[in-house]
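Biologist: I am new to this structure and would like a close look at a single part. Please take one helix, then go on to what lies around another.

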Amino acid sequence: MSRPTLMKLALSGEIPSHKVGSHTRFDRTDLQTFAEQRTQKQRKSFDELRAFEDSLDFQE
C-alpha cells in the first residue's frame, strides 16, 4: 500500500492513528487487523464472483 493511500485511510478514520508532533503514528495491531479485514473482503468478493460465474453455466 502506498504512503498516500495509508494517510488517506488514516485521515478518514478507517485506520486508527495518532499524531506525535507532525508525524502520524499507527499501532501495529491496528494495521494487521485492517489488512486481515481487507483480505477477507477480497476473498468474499472473489468467492461471490466465482459463484455467479458458476450459476451462468457456460457451455463452450
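Modeller: This is a predicted model. A starting point is Leu56, which belongs to helix α2. With a relative accessible area of 41%, Leu56 is partly exposed, because that class lies between the buried limit of under 20% and the exposed limit of over 50%. Leu56 also takes part in a nonpolar patch on the surface, formed together with Leu49 and Phe52. The accessible area of these three residues together is about 290 Å².

Helix α2 spans 28–56 and is among the elements that cover the buried residues of α1. Strand β2 is also included in that cover.

Helix α1 runs over residues 3–12, and its buried residues are Met7, Leu9 and Ala10. They lie on the same side of α1, because the arc they cover around the axis is only 160 degrees. Lys8 and Leu11 are exposed and sit on the face of α1 turned away from that buried side. Just after α1 comes Gly13, with a positive phi of about 90 degrees.

The other covering element, strand β2, consists of residues 23–25 and contains Thr24. Thr24 has a relative accessibility of 18%, so it counts as buried, the limit being under 20%. Setting aside neighbours within four places in sequence, Thr24 is in contact with Met7, Ser17, His18 and Lys19. Of these contacts, Met7 is one of the buried residues of α1.

Notes
Residues are numbered from 1 along each chain as its sequence is written. This is a predicted model: local features need pLDDT of at least 70, side-chain atom pairs count only at pLDDT 80 or more; totals for chains, interfaces and linings use all residues. Side-chain values use heavy atoms; hydrogens and water are left out. Helices (H or I, at least four residues) and strands (E, at least two) are DSSP runs, numbered from the N terminus. Buried means under 20% relative accessible area, exposed over 50%, partly exposed in between (1.4 Å probe, protein chains only). Contact means heavy atoms within 4.5 Å. The arc is that of the directions from the helix axis to the C-beta atoms. Patches are made of residues with over 30% relative accessible area and no salt bridge: like charges are joined within 9 Å, nonpolar side chains (Val, Leu, Ile, Met, Phe, Trp, Tyr) within 5 Å. Accessible areas come from the Shrake-Rupley method with a 1.4 Å probe; for residues, only the protein chains shown count as cover. A salt bridge is a side-chain nitrogen of Lys or Arg within 4 Å of a carboxyl oxygen of Asp or Glu.
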